[in-house]
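Please read these notes with the structure open beside you, and take the points in order. They deal with pockets, a surface patch and salt bridges.

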Amino acid sequence: MTRREWLLAASAAAQPREGVRHILPAATHERFLLKVSYWAAPRRAPELRVGDRRVGGQRTDSNGLFWQFDVPGLRPATTYSLRLDRGEPWPLRTFPAPDATVDRARLLV
């Protein structure tokens, strides 16, 4: 076994093979769009909770591993609690309104 094969095998063994693999969130002042990938296709369409709202996922591939959630109609500069299926909740904030004056801005690249 080569060093590369050993590293790939060790990495594969360390990775869980169920549940959510990646979450890529995008936000504007009035909308969230999340792209989610799973290790294995969910048995049913996943659901995203945004506060009290429930948003059904839209499958974006033929195998059911990739889903998106489009959440329009949000308030600007507001923090929402998001929860995917039965997972742990996390916060996500909408941007300020386009005409709003902001005191500071942070950018993570």
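**Notes on pockets, patch and salt bridges**

1. In this predicted model, the residues that line the largest pocket divide into seven nonpolar, one polar and three charged. The lining is made by Ala-77, Arg-93, Thr-94, Phe-95, Pro-96, Val-102, Arg-104, Ala-105, Arg-106, Leu-107 and Leu-108, and the volume of this largest pocket is about 670 Å³.

2. The second largest pocket holds about 390 Å³ of space, and of the 13 residues that line this pocket, those closest to its centre are Tyr-38, Pro-42, Arg-43, Asp-85 and Arg-86. When the lining of the second largest pocket is sorted by residue type, six residues are nonpolar, two are polar and five are charged.

3. On the surface, Met-1, Trp-6 and Leu-7 make a nonpolar patch of about 400 Å². Met-1 belongs to the segment before helix H1 (3–14), and Met-1 counts as exposed because its relative accessible area is 75%, where the cut-off for exposed is over 50%.

4. How many salt bridges does the model have by the rule used here? The count comes to three salt bridges, and the next two points take them up in turn.

5. One salt bridge is formed by Arg-31 and Asp-70, whose closest N and O atoms are 2.7 Å apart. This pair links distant parts of the chain, since Arg-31 lies in the loop between strand S1 (20–27) and strand S2 (32–38), while Asp-70 lies in strand S6 (residues 66–71), and the two are 39 residues apart. Arg-31 is partly exposed, with a relative accessibility of 34%, and Asp-70 is also partly exposed, at 32%.

6. Glu-47 takes part in a salt bridge with Arg-49, at 3.7 Å from N to O, and the side chain of Glu-47 also meets that of Arg-54 in a salt bridge, at 3.8 Å from N to O. Is Arg-54 buried or exposed? Arg-54 counts as exposed because its relative accessibility is 56%, whereas Glu-47 counts as partly exposed at 25%, and Arg-49 is partly exposed with a relative accessible area of 25%. Salt bridges that share partners join Glu-47, Arg-49 and Arg-54 into one network.

Conventions: Residues numbered from 1 in each chain as written. Predicted model: local features only at pLDDT ≥ 70, side-chain atom pairs only at ≥ 80, totals over all residues. Heavy atoms only, no water. 1 Å grid on protein atoms, 1.4 Å probe; cavity = no way out; pocket = protein on both sides within 12 Å on 5 of 7 lines; lining within 4 Å. Points joined across faces, edges and corners; volume = space filled by probe spheres on them. Nonpolar A, V, L, I, M, F, W, Y, C, P; charged D, E, K, R; others polar. Patch = residues over 30% accessible without salt bridge, like charges linked within 9 Å, V, L, I, M, F, W, Y side chains within 5 Å. Areas by Shrake-Rupley, 256 points an atom, 1.4 Å probe, with all protein chains shown as cover. Salt bridge = Lys/Arg side-chain N within 4 Å of Asp/Glu carboxyl O. Helix = DSSP H or I, 4+ residues; strand = E, 2+ residues; numbered from the N terminus. Buried < 20%, exposed > 50% of the residue type's maximum accessible area, 1.4 Å probe, protein only.
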